[in-house]
Amino acid sequence: MAELPGGPRGYLVLVALAAGEPPTQLALAQQVSLDRTVMTYLLDDLEARELTERRPDPRDRRARQVVITDKGRDELGRARRGLATAEGRLLADLDESDAAYLRTLLTRVARIAQNAALGPDERG
């Protein structure tokens with residue numbers, strides 16, 4: 001992830017964009033729990049590397065949709081492969097059951113941390 005603009009944040013943005021319909025910039029910031037200003041700078045950096053692009057939202061011309069580019073999908077694939085390799089090394093001494101349980105626990109901790117970072121109006 002270090003190769004991506006924004007490191008882990010850039011990775012999260014690319015994952016979110018690859019998952020479905022292009023969100024607006026504001027919706028994307030909320031989805032990945034980033035401040036709007038931070039998101040603007042991050043998208044500027046991702047766009048400069050041609051990993052994403054912003055387009056007018058056809059439903060609201062004042063808003064911008066954020067779209068992952070083919071180059072962005074390629075970079076995301078490389079990052080995912082790198083993470084899988086790193087995870088494999090870190091979890092090499094665990095059997096599959098223990099590794100799955102650790103992933104479950106870490107996911108729960110991450111959700112708790114994300115909810116703690118969100119305001120009461122932003123929790124889903």
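"At what angle do α1 and α4 pack, and how far apart are their axes? I'll start there, and please keep in mind that this is a predicted model. The angle is about 115°, and the axes lie 10 Å apart. As for the hand of it, α1 and α4 make a left-handed crossing.

Okay, so who touches whom? On the α1 side we have Y11, L14, V15 and A18. Across from them, α4 brings G72, R73, L76, A79, R80 and L83. If you sort the residues of that contact by type, you get 7 nonpolar, 1 polar and 2 charged.

Let's stay with α1 for a minute, which runs over 8-18. Which of its residues are buried? They are G10, Y11, V13, L14, A16 and L17. Those buried residues don't just see α4. They also pack against two other helices, α2 (25-31) and α3 (36-48), and against the strands β1 (52-57) and β2 (60-68). So if you have the structure open, click on Y11: you'll find Y11 among the buried residues of α1, and also in the contact with α4.

Y11 brings me to the pocket. The largest one holds about 880 Å³ of space. Its lining is made up of 23 residues, and the ones nearest the centre are Y11, L12, L106, T107 and A110. Which elements give two or more residues to that lining? That would be α1, α4 (70-90) and α5 (96-117). By type, the lining comes out as 15 nonpolar, 4 polar and 4 charged residues.

Last bit: two single residues, around β2. First, T69, which sits in the loop between β2 and α4. Buried or exposed? T69 counts as buried, because its relative accessibility is 13% and the cut-off for buried is under 20%. Leaving out neighbours within four places in sequence, T69 has contacts with E50, L51, T52 and E53.

Then there's R61, in strand β2 itself. R61 goes the other way: its relative accessible area is 78%, so R61 is exposed, given that exposed means over 50%. And if you want a distance to check on your own screen, try R61 to V32. They are 29 residues apart along the chain, and their C-alpha atoms are separated by 23 Å.

That's it from me. Over to you."

Note on methods:
Residues numbered from 1 in each chain as written. Predicted model: local features only at pLDDT ≥ 70, side-chain atom pairs only at ≥ 80, totals over all residues. Heavy atoms only, no water. 1 Å grid on protein atoms, 1.4 Å probe; cavity = no way out; pocket = protein on both sides within 12 Å on 5 of 7 lines; lining within 4 Å. Points joined across faces, edges and corners; volume = space filled by probe spheres on them. Helix = DSSP H or I, 4+ residues; strand = E, 2+ residues; numbered from the N terminus. Nonpolar A, V, L, I, M, F, W, Y, C, P; charged D, E, K, R; others polar. Buried < 20%, exposed > 50% of the residue type's maximum accessible area, 1.4 Å probe, protein only. Contact = heavy atoms within 4.5 Å. Axes fitted to C-alpha atoms, helices over the stretch in contact; angles between N-to-C directions. Left-handed = near helix turned anticlockwise from the far one by under 90°.
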